[in-house]
Amino acid sequence: MAAAKTRASSFSRNLSAAAPSQGPGLKCGPNGLVFLSSGIPDLDKILGGGFPLGSLVMVMEDAEAPHHMLLLRNFMAQGLVHNQPLLYASPARDPRGFLGTLPSPAASKDNKSYETDPDQSKNLQEKGLRIAWQYKKYFGENQLNFDGQKGSLSLDGKHEYSNEFDLRKPLDRHFLNRQHVDCVSIQDSPDLSVLRDRCSTFSSQFPRVSCAGRIAIQSFCAPQCAYSNMEWDMLSFIRSLKSMVRSSNSVAIITFPPSLLSPSFCKRWQHMADTLLSVKAIPDEDKDLAQLLTGYQEMVGFLNVHKVARINTQVPVILEATTFSIKLQKRRYLVLECLNQAPVDGSSGTSYGTSGSCSGSSKAGNLDF
Amino acid sequence: MNQRSSNLLDEALGLDQTIEPWPLRGRAVVIEDRVETSGSFVLHHLLKRSLSPNSSNVSIFIAFAQPFSHYDRILRKLGCNLVLQRDNSRFFFFDMLMLQCPGGHEGITPEGGLIALYGKIHKTILALPEVSRKNVSIIIDDLSLMEVAVNGSSDYVLDFLHYCRTLTSEFDCSLITLNHEDIYSSADRPTFLLQMEYLADILIKAEPLATGLATDVHGQLTVLSKSMNYGQESSRNNTSNFHFKVKENIVECFYPGSRG
């Protein structure tokens, strides 16, 4: 191998994976990935930053409860707050109507401590820099002009990567009337060509570098859609969506009811996903579960993380826990919590050390999904 | 010391002894995995071994699953520069992410699309210098997506694989494919999987542990190597089973219980 070696170092800066100008909606991660937020801060933490650009997220629905809608709403609202183009497809006749149910970002938590001092907080908001009030006097004029991206306060939460959404407050109309919000109804299409074309136009409409788009498809194989028995066509669509999303640096989320697919195709869909989640309803008044878990009464459902996106790396992500409870804090904010086993009542005689606190539950039957 | 740990896999495949001539030549390797445990690391490992600097092996990579940048980054961490190998004509990357048959306007039939792909592979091999032709590895990632690309006509995929098999006898190529076992095992008639397993000389299965997920052990590998001894000696299959942990720069393989 005596050929003259050009000085081609194996270390070359990978400029082609254009790091988007870091707007607040995007965050750099390891392996050259850029993340965008799922709209649920807890989920971002669990997934190691959020959804990586170019990935396909799939959510397996539970027919008994519409929890996947919570995920979709937060995902879409987060995109609108960050002015990221959005394409929403659903089997409803008028998908635009769903946009009216999107939540608004909650008032930033830091604001709450300043509520008692309205003049102070107004002053701080104007300067756009979060400073504990007693230290404000130490900062000169020039410091206050500093554009602090990390700790910035803002009224509408625009400068944060991931917002807490207040599910009781609808999103301001002006977010919805922007240019890059598109809706498609998939109910009447005999095949997937319409949806495919819309996704394709959506993916090519914005320059790759400066912003990332979001595609949300709800209940993709719902029976009211005419194409729902064309199994290979749906798979083929998912595959082309995946390559569209990869080449345009967007994120697509597809929810689907797994029971409506044959087992073999369900597995194919699961393999297609980069990130795979599932939601499950909690039965009301289940005394066994109530005994087993703390905080059972506040739980709305379960979220299970089956697969975390492994783009640009071969190392699998092994989470400490894969099952989380979905709770509505103060009936407004969506939080995900690890499951905690309730203290066992000594008199009942159940074994104390049967299982760990998180995914390994002794009542494997009930929580087994 | 790091070399030792991946040797269980190399041993099972016969890769630990010599790289030249390529021990897998003329053999079909089928890798099976599941949703819970991905087997792509085996593909990456085999690709790295085939592009080792001590050999003149050439790899033709047919990618249905991920773009070039993904493999480039991963192999770089494993110590192999795909861009350089590509420039040196030791690595050929066929990006099949957009292959769609039946194609929209081009009117590519499923059969036609795969025939064209086979033709391209054949042409690439013929264009190689004589010395490299004997050491070609054709790697396909992954077969279930090839089935989607041809809209479910698995027969064409099998035909394609049989054609590639002829290359293994004509040119002594090795054929390495990845497929997802749980797709077929949950189907009514897992014929495709059975045909693949029949075709394979070496079957590598990546499965999760029976006890579930763990941070120290990512799963277990079972390597079934069908003996090539025909005739007088009874052909015996060699099976090995061990646990693995996948890291950025290496795959650690160890026998169950031998890790702290």
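Okay, before anything else, one definition: two strands count as paired if DSSP finds at least two bridges between them. Keep that in your head, and remember too that what we're looking at is a predicted model.

Let's start with a small example in chain A. Here three strands make an open sheet, in the order β1-β2-β3, and the pairing is antiparallel. β1 (26-28) and β3 (51-52) of chain A each have a single partner strand, so they stand at the edges, and one side of each has no neighbour in the sheet. Look at how β1(A) meets strand β2 (residues 34-36) of chain A: three bridges, antiparallel. And which residue stands opposite Cys28(A) in β2(A)? That's Val34(A).

Now zoom out to chain A as a whole. The chain has twelve helices and 14 strands. It has 369 residues, and 51% of them count as buried. Then take the contacts in chain A with a separation of 6 or more: 73% of those are between residues 24 or more positions apart.

Let's pick one helix from chain A, α8, residues 193-205. It has 13 residues, which at 1.5 Å a residue should span 18 Å, and the end C-alpha atoms are indeed 18 Å apart, so that agrees. Which residues of α8(A) are buried? Leu195(A), Cys199(A), Phe202(A) and Ser203(A). If you look down the axis of α8(A), the buried residues sit within an arc of 95°, so they line one face of the helix. Here's the general idea behind that: an α-helix has 3.6 residues a turn, so residues three or four places apart point the same way. And what covers those buried residues of α8(A)? Among other things, β5 (86-90), β8 (181-185), β9 (214-217) and α9 (231-248) of chain A.

While we're at α9 of chain A, find Asp233(A), which sits in that helix. Asp233(A) has a relative accessible area of 28%, so it's partly exposed: the buried class is under 20% and the exposed class is over 50%. Setting aside neighbours within four places in sequence, Asp233(A) touches Leu192(A) and also Asn151(B). Asp233(A) and Leu192(A) are 41 residues apart in sequence, with their C-alpha atoms 7.4 Å apart in space.

Right, over to chain B. Here we've got an open sheet of nine strands, ordered β3-β2-β4-β5-β1-β6-β7-β8-β9, with mixed pairing. The edge strands are β3 (91-95) and β9 (251-254) of chain B, each pairing on one side only. On average, neighbouring strands in this sheet are turned by 20° against each other, ignoring direction.

Two helices pack on that sheet. Helix α4 (residues 68-78) of chain B touches β2 (58-63), β3 and β4 (136-141) of chain B, and its direction makes about 145° with that of β3(B). Helix α9 (residues 154-171) of chain B touches β1 (28-33), β4 and β5 (174-180) of chain B, at about 150° to the direction of β5(B).

Now walk along the strands towards β9(B). Strand β6 (residues 202-207) of chain B runs antiparallel to β7(B), joined by six bridges, and Ala206(B) has Leu221(B) as its bridge partner there. Is strand β7 (residues 219-225) of chain B mostly covered or mostly open? Mostly covered, with six of its seven residues buried. Next, seven bridges join β7(B) to β8(B), antiparallel again, and Ser225(B) faces Asn238(B). Then strand β8 (residues 238-246) of chain B pairs with β9(B) over four bridges, in the antiparallel sense, with Phe244(B) opposite Cys253(B).

Back to α9(B) for a second, since it has a helix partner, α11 (residues 191-199) of chain B. Their axes come within 11 Å and cross at roughly 5°, and the two helices are therefore roughly parallel to each other. The contact includes Leu158(B) and Leu161(B) from α9(B), and Phe192(B) and Met196(B) from α11(B).

Last one: helix α6 (residues 110-126) of chain B. It has 17 residues and reaches 25 Å between its first and last C-alpha, close to the expected 24 Å. Its buried residues include Leu114(B), Leu117(B), Tyr118(B) and Ile121(B). The buried residues cover an arc of only 135° around the axis, which puts them on the same side of α6(B). On the other side, Ile115(B) and Lys123(B) are exposed. Thanks, that's my tour!

How values were computed: Residues are numbered from 1 along each chain as its sequence is written. Chains are lettered from A and ligands numbered from 1 in the order in which they are written. This is a predicted model: local features need pLDDT of at least 70, side-chain atom pairs count only at pLDDT 80 or more; totals for chains, interfaces and linings use all residues. Side-chain values use heavy atoms; hydrogens and water are left out. Axes are lines fitted to C-alpha atoms, for helices over the stretch in contact, and angles run from 0 to 180 degrees between N-to-C directions. Contact means heavy atoms within 4.5 Å. The expected span of a helix is 1.5 Å times one less than its number of residues. Buried means under 20% relative accessible area, exposed over 50%, partly exposed in between (1.4 Å probe, protein chains only). The arc is that of the directions from the helix axis to the C-beta atoms. Angles under 35 degrees count as roughly parallel, over 145 as roughly antiparallel, 65 to 115 as roughly perpendicular and the rest as oblique.
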